[in-house]
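This report describes selected features of one protein model, with attention to its strands, helices and buried residues. Please consult the sequence and the structure while reading.

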Amino acid sequence: MTPEVVAAAVESLTSRLRKKLDAAIEQYAALPVTAGGEGVRIACGEDAVVTLSPGPSGVITGGDQASCSCLLAPRCLHRAAVLSACPIGDAVPGGQEAASRESSDAEPAPGGAAPAGSDGARPPAEPGSSGTPDSGAEGAGGTGSGGAPEVTGPTAAQVAAATGLWAAAAAVLSAGVPAAGAVPQAELLRAAHTARLAGLAGAEAAALRVVRGLRAARARHDGHRLADLVSALRELLLTAGRLAGADPDPALVGTVRRDYRPGGSLKVFGVFREPVISATGYGGVVTHVVAEDGRWYSVADVKPGGSARARGAATAPVAIGPAMLNHSQLSRAGLLIAGATVSPDGRLGAGKGVRATPVSGMPWTEGPMAALFARPLAEAAGARLSGHAWSESDTSEQAREPVGCDLVIIGAAGDHVLARALPPGEFDSVGDARGYGPLIRLVPAGHHPELAHVENLRRLASRPGLLVRVVGRVEPDRVATLLPLAAGPVPGAEATLRLPPEWQGHADLGYDRLQGVHLPPQDACPPPPDGDEVDPVAGAPLWRVRRLVELAVSGGRRAVAESARNGESYAQLRAAGFQAAADLVTGLAAEADRRSRDVFGRLTDTGPDRYAWAWVAAATHLAATERAMIHASWQPDGRL
């Protein structure tokens, strides 16, 4: 369902029916669904059958596509509850549905993102980009006499839309998850639709993430993380609040993702395969390739099927022209593509006019891959963490582009593997502690038992002193943490991986399983360097700030006020030097418990605005502080 359809259905209910809506959603969401020629049917009672008739995209974009057979329809509880139980989707522009299906642009990305129409996520963001995304919602402004854009700030319509979005989000924050049911969510969806019409793509996307997070929290989904909901709500409030104040920063407006566009002729070389198993039942593979100029692209094959689909897609044919390669072969070969189509996030399309010819692959020691490993890891990680501190989505998208590095394994530590980064091209400096880079934590990119990530990391951890070349992603939320996706031998080293010739120099850690024969003997590995693990974020008293910020979302304003009445002390924060953090959480607790009275001494409602700004200040300061500490952890000396 698109946001405006759900919002309109809820708004049409009487106040009496709105009180019953949350219980009805929980009841109807568990009912069986019947698919037929007319669409999808849900029997809510003897005389109440709701029929949903989505378009080819799988998204219902108009109220006439949902009907109920009861006498109160369309302003009935059955129809509103069924619509509210459906995942939130994005509208598909007219005329683009066929193109979307042909290019598989609605497939989920690694990490569990699902297609529009299945759980409502936006088209996936893959690592790298072929250029700047087309902007369908540019920031307001004109062009000066010299041709340079003149930033004038948001338009009056955008300010009005942002003001409404701020009010709806502030009400959700004040209520907290327990009280943020279908009605507050519908108000937020209506405000998100208004933001879409005003061209505020970033604010609309943040609002939809908040609604999805609220639904997951209230339904107690296994994959729900309170930290994700906190991040989405923080970004929404800060973006909407700044736009409502006519902040001229064009980054606040955001851009609209577009369909595939012509990419001309491309020559790409396979780097690795990544299995995809989403929480919504989708599975498949994404093969990452790199062009001669170093830009990253991807070829995806993700469809319903879960883990079985992910296993089978590992050797499935690549659907780009008559290339006659499967994904396993493409990850170690290359393609010369004529008439390429490329999405803004770097995904290669498979339209009718695309022609592809297989070419020889490129080893990791040549061309763009050699340049990838020639860059110091601290520098590459710093670039991946350079997104706006107030935008979690901006940082996550930047962090998805892979990095390459040479590591020396230290050993296992809990759920991860400790390693030390080596300076580019200086593997022979092992034994000289001055030559090591930062201490790195290797965490499995996937924990599904049918994938090889966990087993392969255990195998690497069994050889302390092993030298290994890794391609992976920076984890933006953990101190100096890398998600390894592929591994190969360090050129010229003896104590390194010994892979079979058919693997052509690297192992896809999600699919290829390392064996003992692929590792050097233990006596061939030099003594590993010291690896004293220190987590500055976990060791800092910032957990007190995080607890209050998360309590505000999970419990609402009343829970924060109760915490203030209990005499919570933040002296430990001040003693550790986090003076600003202590001041902000103290102010938040005081604002939550603020009670205004009129001239007759009666309590009055001052609204959630001041409380919401106090929460945004504390949450943004916490995010920026942790981001700076994580950024510093990638430096050899621990400093920015």
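## A four-stranded sheet

In this predicted model, four strands form an open sheet in the order β1-β2-β3-β4, and their pairing is antiparallel. The edges are taken by β1 (34-35) and β4 (66-68); each has a single partner strand, so one side of each is left without a neighbour in the sheet.

In general, the strands of a sheet pair through backbone hydrogen bonds, in either a parallel or an antiparallel manner. Here, strand β2 (residues 40-45) and strand β3 (residues 48-52) run antiparallel and are joined by five bridges. Gly45 is placed opposite Ala48 in β3.

## A helix across the sheet

Helix α3, which comprises residues 77-85, lies across β2, β3 and β4. The helix runs at about 40 degrees to β3.

## The nonpolar cores

The largest nonpolar core contains 128 residues. Leu52, Leu188, Trp615 and Trp634 are the residues with the most contacts inside this core. Helix α20 (residues 609-633) supplies the largest share of the core, namely ten residues.

When neighbours within four places in sequence are left aside, the contacts of Leu52 include Val40, Ile42, Ile60, Ala66, Val82 and Leu83. Met1 and Cys86 are also among the residues in contact with Leu52.

Another core, of 18 residues, lies apart from the largest one. Among its members are Val299, Val318, Ile320 and Ile337.

## A mostly covered helix

Helix α12 (residues 377-384) is mostly covered, with six of its eight residues buried. The buried residues of α12 are Leu377, Ala378, Ala380, Ala381, Gly382 and Arg384.

How values were computed
Residues are numbered from 1 along each chain as its sequence is written. This is a predicted model: local features need pLDDT of at least 70, side-chain atom pairs count only at pLDDT 80 or more; totals for chains, interfaces and linings use all residues. Side-chain values use heavy atoms; hydrogens and water are left out. Two strands pair if DSSP finds at least two bridges between them. Helices (H or I, at least four residues) and strands (E, at least two) are DSSP runs, numbered from the N terminus. Contact means heavy atoms within 4.5 Å. Axes are lines fitted to C-alpha atoms, for helices over the stretch in contact, and angles run from 0 to 180 degrees between N-to-C directions. A nonpolar core is a set of buried Ala, Val, Leu, Ile, Met, Phe, Trp, Tyr and Cys residues joined through side-chain atoms within 4.5 Å. Buried means under 20% relative accessible area, exposed over 50%, partly exposed in between (1.4 Å probe, protein chains only).
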